[in-house]
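Reader: I should like to examine how the descriptive terms applied to this structure are justified. Please set each value against its criterion and then conclude.

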Amino acid sequence: AAEVLLLDSKAQQTELEWISSPPNGWEEISGLDENYTPIRTYQVCQVMEPNQNNWLRTNWISKGNAQRIFVELKFTLRDCNSLPGVLGTCKETFNLYYYETDYDTGRNIRENLYVKIDTIAADESFTQGDLGERKMKLNTEVREIGPLSKKGFYLAFQDVGACIALVSVKVYYKKEFVEHHHHHHHH
C-alpha cells in the first residue's frame, strides 16, 4: 500500500506556528536533524515545577479519503536522573491526543474534547554526556488512529513535566490498491 502524506513537519521550511498553551510551555525552535538538515522542532523542559500541563496542537489536518491514520513521532527525551537538582517533578513520558472536526475551529484548544491515543515513552533517553558528544538518541514511535468519520482532525501533545524535543511529526494514511483478479476457467 502506498503512503499518502497528510503532514510532514520536516518538509516545512517556514515556521510551523502550531498552538502552544500556555505560551511559555512548548517552544518552536530551529534545529538540525540527525543528517544536519535544518528543521523546526518543538521543545519543552519545565522539569523543576510540579503540575505541568503544556499542550501543543498542530494545525487542522484534512484527512482526504482516509479512514485510519498513522502518526509517526521522532523525538528525544532527557533522562531525569541526568538532570541536576531535579526532584520528583521530572517525567519521562508525554501524551498524544486527537480531536476530529469537519473544519478548522480556530486557535482555541479545548482540552476536554480531545481523545487520548496513548502515553508515549522513550525507548532511549539521553544524558548530559550524550549532549556533549552531540549524540541524538532519536526515538521513533508510530500510532494508529481511526476509524475517522469527520473531514479532518488536530493532533495534540501534552507535556506533564518532561524534557522533550519533538524532532519530527509525520501523519499519513495507506492507500489500498484494489486488485482485480481474473479467473481463467480451464475445461
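Reader: Why is Phe-157 called buried?

Author: In this predicted model, Phe-157 has a relative accessible area of 0%. Buried means under 20%, so Phe-157 meets the criterion.

Reader: What makes Trp-18 and Phe-157 an aromatic pair, and why is the pair called stacked?

Author: A search of the whole structure finds eight aromatic pairs. For Trp-18 and Phe-157, the distance is 6.4 Å centre to centre, with 15 degrees between the planes. Ring centres must lie within 6.5 Å, and planes under 30 degrees apart count as stacked; the pair therefore satisfies both conditions.

Reader: Why is this pair said to tie together separate parts of the chain?

Author: Trp-18 lies in the loop between β1 (2-8) and β2 (19-21), whereas Phe-157 belongs to strand β11 (residues 152-159), so the pair ties together parts that are 139 residues apart in sequence. Trp-18 has 7% relative accessibility and therefore counts as buried, the limit being under 20%.

Reader: What makes the pair of Phe-75 and Phe-94 edge-to-face?

Author: The planes of Phe-75 and Phe-94 are 90 degrees apart, and the rings are 5.0 Å centre to centre. An angle over 60 degrees counts as edge-to-face and the centres need to lie within 6.5 Å, so both requirements are met. The pair links distant parts of the chain, with Phe-75 in strand β7 (residues 69-77) and Phe-94 in strand β8 (residues 93-101), 19 residues apart.

Reader: How do you know whether Phe-75 and Phe-94 are buried or exposed?

Author: Phe-75 has a relative accessible area of 0% and Phe-94 has 1% relative accessibility. Since buried means under 20%, Phe-75 is buried and Phe-94 is buried.

Reader: Which residues form one aromatic cluster?

Author: The cluster consists of Trp-55, Tyr-97, Tyr-99, Tyr-114 and Tyr-154.

Reader: What makes the charged end of Lys-174 count as sitting over the ring of Phe-70?

Author: The charged end of Lys-174 is 4.5 Å from the centre of the Phe-70 ring, where the criterion requires NZ of Lys to be within 6 Å of the ring centre. The criterion also requires a position within 35 degrees of the ring normal, and the charged end is assigned as sitting over the ring.

Reader: How do you know that Cys-45 and Cys-163 form a disulfide, and why is the disulfide called left-handed?

Author: The sulfur atoms of Cys-45 and Cys-163 are 2.0 Å apart, and the cut-off is within 2.5 Å, so the pair qualifies. The torsion about the S-S bond is about -100 degrees, so this disulfide is left-handed. Cys-45 lies in strand β4 and Cys-163 in strand β12 (residues 163-175), so parts 118 residues apart in sequence are tied together.

Reader: Why is Cys-45 called partly exposed, whereas Cys-163 is not?

Author: Cys-45 has a relative accessible area of 39%, whereas Cys-163 has 12% relative accessibility. Buried means under 20% and exposed over 50%, with partly exposed in between; therefore Cys-45 is partly exposed and Cys-163 is buried.

Reader: What makes the link of Cys-80 and Cys-90 a disulfide, and where do these residues lie?

Author: The S to S distance from Cys-80 to Cys-90 is 1.9 Å, which falls within 2.5 Å and therefore meets the definition. Both cysteines lie in the loop between β7 and β8, so the pair ties together parts that are 10 residues apart in sequence. With -80 degrees about the S-S bond, this link is left-handed.

Conventions
Residues numbered from 1 in each chain as written. Predicted model: local features only at pLDDT ≥ 70, side-chain atom pairs only at ≥ 80, totals over all residues. Heavy atoms only, no water. Phe/Tyr/Trp six-rings, centres within 6.5 Å; stacked < 30°, edge-to-face > 60°. Helix = DSSP H or I, 4+ residues; strand = E, 2+ residues; numbered from the N terminus. Buried < 20%, exposed > 50% of the residue type's maximum accessible area, 1.4 Å probe, protein only.
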